[in-house]
Amino acid sequence: MDTKTVNILAIESSCDETSAAVIRDGKVLSNLIATQKVHEKYGGVVPELASRAHMQNIIPVVDVALKEAGVEKHDIQAVAFTQAPGLIGSLLVGACFAKAYAQALNVPLIAVHHMQAHVLAHFIDDPKPEFPFLCLTVSGGHTQVVLCRSHLDMEVLGETVDDAAGEAFDKVAKMLELPYPGGPMVDKNAQQGDPMKFKFPVTDMEGYDFSFSGIKTAVLYFLQAEKKKDPEFVQKNMNDICASVQYTIIKMLMNKLRRAAKELNIKHIGIAGGVSANSGLRKALQEEGEKNGWQVYIPAFQYCTDNAAMIGITGYYKYLKGEFADRSVSPTARASWT
Ligand code: KG4
Ligand code: ZN
């Protein structure tokens with residue numbers, strides 16, 4: 001094997017996906033994701049069950065990732081893992097595994113921030129964004145407008161002051177008694193609905209911050225009132241409710257992104273994180289891009305929601321800069337990163 005080749009084994013275990021990937025010189029050779037089905041019947045992620053499922057999944061997932069990549073253990077030059085943020089029990093499983101693996105192979109360990117990795121998912125496939133690059137990162141736990149000056153030089157310009165966009169999707173889905181995880185179900189129903197049928201408030205915060213607690217409460221009161229008049233209201237209007245809620249969330253997201261792009265005069269714009277899998281948001285970004293002359297970037301579906309490939313690509317850029325973690329590194333549930 002070429003001595004300059006860098007193979008990185010990457011581990012992601014921040015929430016309910018156990019994922020392992022092998023990245024060679026910034027290219028994804030494999031990206032395995034084991035989705036934990038155990039949470040479905042609880043309507044949300046149960047932290048202890050997530051940790052236990054990671055414990056069961058991690059070795060088989062890594063084995064298959066190596067096999068699919070055609071890479072042997074001793075060909076790994078570094079191990080990257082999600083250090084923060086996330087569920088602490090889940091993070092601990094991935095961190096302990098990564099540390100033991102790196103120690104056994106005597107290779108460097110790379111600690112990765114999950115939110116930085118969501119942004120760098122844009123650097124997996126071509127075309128890759130040019131800098132400065134503005135990224136709207138929307139996931140189950142975060143909603144951030146991020147200015148990227150280079151791969152590892154990023155600044156969070158604004159973020160949600162309460163719920164994340166994904167949380168708003170999931171909570172509304174729960175009110176509609178849709179199965180977990182709710183975001184993709186709202187998206188699916190919205191495709192058949194009328195986004196103008198029902199009106200919900202569009203919250204506009206100062207600067208580049210967001211707030212999604214208002215729409216959550218508005219939908220709750222709206223449904224309570226309508227169900228009093230007609231107990232079948234939700235069943236009869238499911239698609240229109242989903243379309244109207246989704247339209248409002250996307251409007252709030254796009255308002256901020258448009259303002260940031262204009263004020264900072266940035267033309268390279270992307271979306272990242274689980275909610276960037278949303279068909280309405282993907283379409284809205286394309287349309288906004290055409291209107292404003294932006295070059296828009298949307299990651300492939302498998303790199304939007306949690307995956308180890310994005311941890312591996314971040315690990316690769318850190319490897320090139322020699323940014324290695326001490327063997328005593330420990331995961332943290334919360335951490336700033338810029
Ligand atoms: O990034 P991610 O996989 O995990 C976190 O880091 O949080 O994001 C998960 C979030 C969940 O709230 C899920 O409902 C949402 O992304 N999501 C979607 C869609 N696919 C995933 N929300 C709306 N439409 C979708 N198609
Ligand atoms: Zn995520």
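Which strands does helix α7 lie across? Keep that in mind as we walk through this model, which is a predicted one.

Let's begin with a simple piece of the fold. Strand β2 covers residues 17–24 and strand β3 covers residues 27–35; the two run antiparallel, and eight bridges join them. Together they make a hairpin, with two residues sitting between the strands. Have a look at the turn: Asp25 is there, and its phi is positive, at about 50 degrees. Right by that turn you can also pick out a bridge pair, with Arg24 partnered by Lys27 in β3.

Now move on to the sheet that our opening question is about. It's an open sheet of five strands, and if you read across it you meet β8, β7, β6, β9 and β10 in that order, with mixed pairing. The edges belong to β8 (153–159) and β10 (295–297), each of which pairs on one side only. Going from one strand to the next, the twist averages 20 degrees.

Zoom in on the β10 end. Here β9 (residues 268–272) pairs with β10 in the parallel sense, over three bridges. To find your way, look for Gly270, which stands opposite Tyr297 in β10. Helix α8, made of residues 279–292, packs on the sheet and touches β6, β9 and β10. The direction of α8 makes about 175 degrees with that of β9.

And back to the opening question: helix α7, residues 233–264, lies across β6 (133–138), β7 (143–150), β8 and β9. Compared with β6, α7 runs at about 160 degrees.

Methods:
Residues are numbered from 1 along each chain as its sequence is written. Chains are lettered from A and ligands numbered from 1 in the order in which they are written. This is a predicted model: local features need pLDDT of at least 70, side-chain atom pairs count only at pLDDT 80 or more; totals for chains, interfaces and linings use all residues. Side-chain values use heavy atoms; hydrogens and water are left out. Two strands pair if DSSP finds at least two bridges between them. Helices (H or I, at least four residues) and strands (E, at least two) are DSSP runs, numbered from the N terminus. Axes are lines fitted to C-alpha atoms, for helices over the stretch in contact, and angles run from 0 to 180 degrees between N-to-C directions. Contact means heavy atoms within 4.5 Å.
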